[in-house]
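This report goes through one protein chain from its overall build to particular side chains. Please keep the sequence and the structure at hand while reading.

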Amino acid sequence: MKALVTRLDSFGDVLLAGPAIRAVAARADTVTLLCGPRGAPAARLLPGVDDILVWDAPWVGFTPPPVGRGEVELLLDTIDADTALVLTSFHQSPLPTALLLRLAGVDFIAADSEDYPGSLLDVRHHRAPHAHEVEAALDLAEAAGFPPVDDGRPRVLPPPPVDDGRPRVLPPPDTAGLTGPEPYVVLHPGASVPARAWSPGRCAEAARDLAAAGHRVVVTGGPGERDLTACVAGSHALDLGGRTGAAELAGVLAGAGAVVTGNTGPAHLAAAVGTPVVSLFAPVVPAERWRPYGVPYVLLGDQDAPCAGSRARECPVPGHPCLDTVTAHDVVNAVEKLMGEAA
């Protein structure tokens, strides 16, 4: 069986799809992951993926491309699969993707869908209302015939080993040359959208107070966040802004005693390498669906703030109260709680 799994949006979304992808890989001959350009770096870290197709879907992302017939036809000619699992968030429709997969000749397609799918889906699954993204994807995989553990059904091949269902990545490289010796705490101040970010001033206070409490602090960020990481690190922390790709960032996070970050991809990458997370979580999306999964965590931020459930990209409330009421002292206490539990 040649299986294809699609997850077309962001880095963190692709990481959270990892357990479901492994469930498919345990029973398929090959697994191709169809993802968007923002998710591709995460796709390259996932166990169970044999091949990756990258396509910028015009119904996904903050700045989607125009619909182009040539790009669609090229994708259809490239897809080679018998079975497909279309993974989406609770607010997304799988049907545009399912239509393309059907046109590409995929025989069996499964997805969560509240909309009537006609002949586009063979398995129309209904997502549990409050399921975490990891659990929802695993539920869909099981409904499509890919349970995460051995189900006792007769099969030609031996049953796959039991999987713990947690996010996981391939072993990261040794990054001690970047970070220096352990122990250290990672502070990642950036976020994919401004509404999910703690303010730079608060982040800088946290770096200072963590250092004053005796922690060595490492500040991480992407190439476009060097000014932010330099501001946050100041003279109190090591600034690695722009110096890590996805694999190197995984290594940096794996060596940390705890990671402090907002609801953004590195929170899920930290969980995938088994590192506890202090999650500065803006409630624009529900924490029950998007919190760090499978590791100890502390959730900070007012989950009942007026922005709750708005899916806003820019904070709609003056002063960003859901996060900026969190203090550096709160973060230091949360870090020490997690590191104390891990000791």
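Two residues are said here to be in contact when heavy atoms of theirs lie within 4.5 Å. The model discussed below is a predicted one.

## Overall build

The protein chain holds 14 helices and twelve strands. Its radius of gyration is 20 Å, close to the 20 Å that the globule rule gives for 343 residues, so the chain is as compact as a globular protein of that length. Along its principal axes, the C-alpha trace spans about 60 × 45 × 35 Å.

Of the 343 residues, 52% count as buried. Among the contacts with a separation of 6 or more, 62% are made by residues that stand 24 or more positions apart in the chain.

## T179 and its contacts

T179 belongs to helix α7, which covers residues 176-179. With neighbours up to four places away in sequence left out of the count, T179 touches Y184, R216, L238, L240 and V252. The relative accessible area of T179 is 4%, and the residue is therefore classed as buried, the limit for that class being under 20%.

## Helix α5 and what covers it

Helix α5 runs over residues 95-103, and L95, T97, A98, L100 and L101 are buried within it. The elements that cover these buried residues include strand β1, helix α4 (69-78) and the strands β4 (83-86) and β5 (108-112). Just after α5, G105 takes a positive phi of about 95°.

## Salt bridges

Side chains of opposite charge can pair when their charged atoms come close. In this structure there are 13 salt bridges, and three of them are described here, beginning with the one in which the side chains of R7 and E133 meet at 3.5 Å, N to O. This pair links distant parts of the chain, since R7 lies in strand β1 (residues 2-7) and E133 in helix α6 (residues 133-143), 126 residues apart. Both R7 and E133 are buried.

A salt bridge also joins the side chains of R22 and D164, at 3.6 Å from N to O. Here too distant parts of the chain are linked, with R22 in helix α2 (residues 18-25) and D164 in the loop between α6 and α7, 142 residues apart. The two partners fall into opposite classes of accessibility: R22 counts as buried because its relative accessibility is 7%, whereas D164 is exposed because its relative accessible area is 51%.

In a further salt bridge, R208 pairs with D209, and the closest N and O atoms of the two are 2.9 Å apart. R208 is partly exposed, with a relative accessible area of 39%, and D209 likewise counts as partly exposed, at 23% relative accessibility. Elsewhere, salt bridges that share partners join R7, D9, D13, R127 and E133 into one network.

## The surroundings of R22

Which backbone oxygen does the side chain of R22 reach? The oxygen is that of R166, and the distance is 2.7 Å. R22, whose place is in helix α2, is in contact with P47, D163, D164, G165, R166, P167 and R168, once its neighbours within four places in sequence are set aside. D164, the salt-bridge partner of R22, is thus listed together with R166, whose backbone oxygen the R22 side chain reaches.

## Aromatic rings

A search of the whole structure finds one aromatic pair. The rings of W55 and W59 have their centres 5.5 Å apart and their planes at 65°, so this pair is edge-to-face. W55 counts as buried, at 11% relative accessibility, while W59 counts as partly exposed, at 34%.

Charged side chains are also placed over rings. R38 lies over the face of F62, at 4.9 Å from the ring centre, and the charged end of R289 sits over the ring of F90, at 3.8 Å from its centre.

Conventions: Residues numbered from 1 in each chain as written. Predicted model: local features only at pLDDT ≥ 70, side-chain atom pairs only at ≥ 80, totals over all residues. Heavy atoms only, no water. Helix = DSSP H or I, 4+ residues; strand = E, 2+ residues; numbered from the N terminus. Buried < 20%, exposed > 50% of the residue type's maximum accessible area, 1.4 Å probe, protein only. Salt bridge = Lys/Arg side-chain N within 4 Å of Asp/Glu carboxyl O. Phe/Tyr/Trp six-rings, centres within 6.5 Å; stacked < 30°, edge-to-face > 60°. Lys NZ or Arg CZ within 6 Å of the ring centre and 35° of its normal. Polar contact = N/O pair within 3.5 Å; in protein donor to acceptor, adjacent residues only side chain to side chain. Rg over C-alpha atoms; globule rule 2.2 N^0.38 Å.
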